[in-house]
Amino acid sequence: MNTTSPFSFLQSLATRFQAPAWVVDEGQQKLVLFLNHVLMQEKEAQNRLLRKKGSVVHIRWGVFALDLLITPAGLVDRAPSSAKPDLLLAVAAESPDVVFQSVLAGKAPPVKIEGDVQLAAELGWLADNLRWDVEEDLSRLIGDVPAHTLAGLTRQALAGLRQFLAQAPRPPSAATVQSGAAPMAEPTKASS
């Protein structure tokens, strides 16, 4: 049985491929615009960030890094390269597979946090409470009914994917392999 992750190819490609500087720059700028779009939909989120205006957050995941400056409007902008970060957020899982599974399970991936505790608490509140209203944005483009239908289909597809991943066989753990014990099978349910 093949136990390699479907993302192992992407991970090896990401470590060998270095994106041009202009692609990284444009990608970061688009991410900032998206974050501000989501923040502007929730006044409480802006108020919470406003308390920490001028703070710099350094986000890192593998080769991806981004420094965000909290603006006086309660939004974010890219920080100057000379800015000293007040908070470091580093995704502890290097594998895209682990991050993807965490997100599908509705959990945040494991993150290493260093620095300003109050800023970390505000960002934690944002992570727990701030959501992008995709359906609302879609309705502006294609109308209310098609947006609602498409959002419903997407929710059903994601629920099916979560259920499939929950039932997928897991590779044996290192402890099981070292001890030589066979993994225990779940008992089958008798049908009535």
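**View 1. Order of helices and strands along the chain.** Read from start to end, this predicted model follows the pattern α-α-α-β-β-β-β-α-β-α-α-α-α. That pattern comprises eight helices and five strands.

**View 2. The β1–β2 hairpin.** Here we look at strand β1, residues 56-61, alongside strand β2, residues 64-70. The two strands run antiparallel and are joined by six bridges. To find your way along the pair, start at V57, whose bridge partner in β2 is L68. Two residues lie between β1 and β2 in this hairpin. Take a moment for G62 in the turn, where phi is positive, at about 60°.

**View 3. β1 beside β4.** Strand β1 also pairs with strand β4, which spans residues 87-91. Which way do β1 and β4 run, parallel or antiparallel? They run parallel, with four bridges between them. A handy landmark is H58, which has L88 as its bridge partner in β4. With both views in hand, β1 can be followed from its antiparallel pairing with β2 to its parallel pairing with β4.

**View 4. Contacts and burial across the protein.** Stepping back from the strands, consider contacts with a separation of 6 or more: 61% of them involve residues 24 or more positions apart. How much of the protein is made up of buried residues? Of its 192 residues, 22% are buried.

**View 5. The accessible surface.** Our last stop is the outside of the model, where the accessible surface comes to about 13600 Å². Carbon and sulfur atoms account for 62% of that area.

Definitions and conventions: Residues are numbered from 1 along each chain as its sequence is written. This is a predicted model: local features need pLDDT of at least 70, side-chain atom pairs count only at pLDDT 80 or more; totals for chains, interfaces and linings use all residues. Side-chain values use heavy atoms; hydrogens and water are left out. Buried means under 20% relative accessible area, exposed over 50%, partly exposed in between (1.4 Å probe, protein chains only). Contact means heavy atoms within 4.5 Å. Accessible areas come from the Shrake-Rupley method with a 1.4 Å probe; for residues, only the protein chains shown count as cover. Two strands pair if DSSP finds at least two bridges between them.
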